[in-house]
Amino acid sequence: MGLKAKRKLGDTLTYAALIIISIIWLFPFVCLFLQSLRSYNEGGGGMVEYLLPKQFSLDSYAYLFSSDSKFVRWYLNTLVIACFVAVLQTIVVLCVSYVLSRMRFKGRTFLMRFWLILGMFPGFLTMICLYFLLKQFHLTQAGAIPGLILISVASSGMGYYVTKGYFDTIPKALDEAARIDGASRARVFLTMILPMSKPIIIYAALVAFMAPWCDYVFASYVAFGYTDSYNVAVAMQNWVWTNDYQGYFTRFCAGGMLIAVPVTILFICLQKYYVEGVTGGAVKG
Amino acid sequence: MGKEANTGKSKIGSFFGAIGQEFKEIGLAFAQGDWKTKVSFLIMGFGPLMRKQFLRGIAFLAVEVLFVWYMVGFGWRYLSDIGTLGTVARVMNADGTISYNDNSFLILLYGLLSIIFIGVFLFIWRMNIRENRKEEKLLAEGKALGTVKGDLHSLLDSNFDKTLLALPVLGIFVFTVLPIIFMICVAFTDYDANHQPPSNLFTWVGLENFKNLFSFGGTGLGSTFLTVLAWTLIWAFFATFLTYFCGMGVAIMINRKGIKCKKLWRTILVMTIAVPQFVSLLYVYKMFANDGLINSYLMKWGWISSRIPFWSDPLLAKIMIILINLWIGIPYTMLITTGLLMNIPEDLYESARIDGASGFQMFRSITLPYMLFVTGPFLLTQFTGNLNNFNVIYLLTKGGPQSMALSNNAGYTDLLVTWLYKMTVDDTNYRMAAVLGIMIFVVTAVISLAVYNMLPSVKDEEGFQ
């Protein structure tokens, strides 16, 4: 077999593998989409033994937007949390990263080591204590939304690694030149470093924005029993796990589509920055 | 060894030396200081105020006032009870109503807070002494003291670190440090479903909970703990390395020279990162359920005669979880390795090819060593992350299938962290949950330390550069 033929065979095999992989990767999402379109008359919204609906309809979507369901409310809850967390968490992370990257002060290494050790404790360990603290500020049940934002943002300073790694790559000579010209640290940070850090800012905000959509543990604990404060993850999970999921399966699919599509589009648009962030972070460690 | 002991001794020696030094300085500050400084020992910030350093003086004074106000009005009550965590939970009033008296939860939490406040207060008190001494020295040398404006400006310049870190550090203290210390203490109490404040008290029990975790037979959790720990480690190992190698394989395929539409392939794979996990994983869980799509189609096509118990057979459930985690994890590794693979100099491969190396040989002796070297730290964080990978387990099996052979509601696919979650939420068995949390910390810390020191990129920073 000649070199060229070998090469061609290799290409073909690779294409075949990639196509199979793509099918596996997309299959669940295609199923999700198809089932969300199944009419309520067919299997009563439960699980059925076939994939293609016999009767297409938007029943499930209509239900989500009807007054019987609080889906819109849950959706807005999650959106509000995600937006606030994205903005506030990014600000906190940027501040911490700048300080740790650029300034040398007493206790700096202690702080970094201490946070590293703190990070080794599982987050759920402190759940009851956090719940109690939030309750003192009336941020549970009816006040769960600000409470969840507070919890996410409060401890976000510990996740500075990726951003600090990025700041470390900006030459310090730039700072020093500006400082010789009389610019204060604050000025250097706000007018020089930040404008140069657009990719990492977008990365930090994107990651922060995506996390609340999956938050089940704290969200269900803090909002316990108060359905108006649920986020989509808690509400959808209840639909799937509680016993009446039979009637809610297609509705879960429809809700899942409504959540997945916008988040995915946003992610794919900003994919470039995400890749930059994770690659930089992974290699820096 | 001897050397280590030596440095250890000298470390302890220098620690005590530093403390001695500190006391000496405080003593000197008092002995040599003027009356303003001496009053500052009692009334913080008095010296700076008298020397017209109003901002600093007021700040110190405010700290002292707040501290005294907190301790007298609030903290002292709780601090004095911290040895017993309360003695009387409820009292029956004359009119038959019940009023709550001691609340162990509050006593422990606010007691700890008071202890921490005392530490912080001592630190600031020391700062106050130092400030007085500095001012005296400056005045003695005939130099001018700083101005309020200068102080404020320094917060944006030389002290900018304090400005930026103040809120994050406070947030981490209140919502991470304090709760963790609290839960570590809970591990030494009997806080569980039978000892719930405010109607019941809980108290210190020493190491009883730890003994319970390591006792086998009877009601001890020993065998369950070992089962769960073993699966946690197996899971973390497979989840990390299988995804790593498969992800790298996919990245190599997409990077192949003749392959077109590279961006399309990547975007398809990235879908599983973009779609919130509770949508994708819950759906996949349902797909493989007994009455799910996969079983139904396999039945319809006559490939199987009875439904495959994907989630109720322990071994099968474990395999499924690891496989489905590949679906979630491969894209992530693929993204990270794609760029790195392209960084490997092409002439390395070129010369290997001339020497007649096969594709696999090149992978083993060029690609793999390079990738392991560069992504060592990443693999470590992935591993520790997988030890605590709550979502994949909980969204798929919720830790099940459960069994009578395992105590405390543990299931065969439970990780330590999902077990902890169940103990907290379902059983309100906080004492054991706290012990488990500490064990997770120990496991994570030991593995991180051991592996970190073995990493080639740590040992040999110059390699591959």
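This report walks through a predicted model of two chains, A and B.

## How confident is the prediction?

Let us begin with the scores. The model as a whole has an ipTM of 0.88 and a pTM of 0.87. For chain A, the mean pLDDT is 87, with 96% of the residues at 70 or more. Chain B has a mean pLDDT of 85, and 96% of its residues reach 70 or more.

Some places deserve a more careful eye. Within chain A, helix H14 (residues 271-284) has the lowest mean pLDDT of the elements, 77, while H3(A) has the highest, 93. At the start of chain B, residues 1-5 stay under a pLDDT of 50, and the model gives them zero contacts beyond four places in sequence. Where pLDDT is low, the predicted coordinates should not be read in detail.

## Meeting chain A

Chain A is built from helices: there are 14 of them, and zero strands. Following the chain from the N terminus therefore gives one α after another, α-α-α-α-α-α-α-α-α-α-α-α-α-α. An assignment divides the chain into domain 1 (3-62) and domain 2 (69-241). The centres of these two domains of chain A, taken over C-alpha atoms, are separated by 36 Å.

What are the overall dimensions of the C-alpha trace of chain A along its principal axes? They come to about 75 × 75 × 30 Å. The radius of gyration of chain A is 24 Å, whereas a compact globule of 285 residues would have one near 19 Å. Of those 285 residues, 40% count as buried. Looking at contacts in chain A between residues at least 6 apart in sequence, 71% join residues at least 24 apart.

## Meeting chain B

Chain B has 19 helices and two strands. Its C-alpha trace spans about 95 × 75 × 50 Å along the principal axes. With 465 residues, a compact globule would have a radius of gyration near 23 Å, but the value for chain B is 31 Å. Buried residues make up 33% of the 465 in chain B. Among contacts in chain B with a separation of 6 or more, 62% are between residues 24 or more positions apart.

This chain, too, is divided into domains: domain 1 (33-206) and domain 2 (222-459). Their centres are 44 Å apart, taken over C-alpha atoms. Nine residues of domain 1 of chain B are in contact with nine residues of domain 2 of chain B. On the domain 1 side of that contact there are six nonpolar, one polar and two charged residues.

One helix to look at is H14 (residues 346-354) of chain B, which is hardly covered: zero of its nine residues are buried. Just after H14(B) comes Gly356(B), with a positive phi of about 85°.

## Where the chains meet

How many residues does each chain bring to the contact? Chain B provides 71 and chain A provides 66. On the chain B side, helix H7 (residues 160-186) gives the most, with 15 residues. By class, this side of chain B has 48 nonpolar, 18 polar and five charged residues.

Arg185(A) offers a closer look at the two chains together. This residue is found in helix H9 (residues 185-196) of chain A. Is Arg185(A) buried or exposed? Arg185(A) counts as buried because it has 24 C-beta neighbours inside 10 Å, and the cut-off for burial is 20 or more. Leaving aside neighbours within four places in sequence, Arg185(A) is in contact with Leu156(B), Asp157(B) and Phe160(B). Within its own chain, Arg185(A) and Met103(A) are 82 residues apart along the sequence, and their C-alpha atoms are separated by 9.3 Å.

## The largest nonpolar core

Now for the interior. The largest nonpolar core holds 165 residues, and the members that touch the most others are Leu148(A), Leu416(B), Leu420(B), Ala434(B) and Leu436(B). Helix H3 (residues 71-102) of chain A supplies the largest share of this core, 15 residues.

Which residues is Leu148(A) in contact with, leaving aside its neighbours within four places in sequence? They are Ile81(A), Phe218(A), Ala219(A) and Val222(A).

Terms used:
Residues numbered from 1 in each chain as written. Chains lettered and ligands numbered in written order. Predicted model: local features only at pLDDT ≥ 70, side-chain atom pairs only at ≥ 80, totals over all residues. Domains from an automatic or database assignment. Contact = placed C-beta atoms within 7 Å. Nonpolar A, V, L, I, M, F, W, Y, C, P; charged D, E, K, R; others polar. Helix = DSSP H or I, 4+ residues; strand = E, 2+ residues; numbered from the N terminus. Buried ≥ 20, exposed ≤ 12 C-beta atoms within 10 Å, placed from the backbone. Rg over C-alpha atoms; globule rule 2.2 N^0.38 Å. Core = buried A, V, L, I, M, F, W, Y, C linked by C-beta atoms within 7 Å. pLDDT = per-residue confidence, 0-100.
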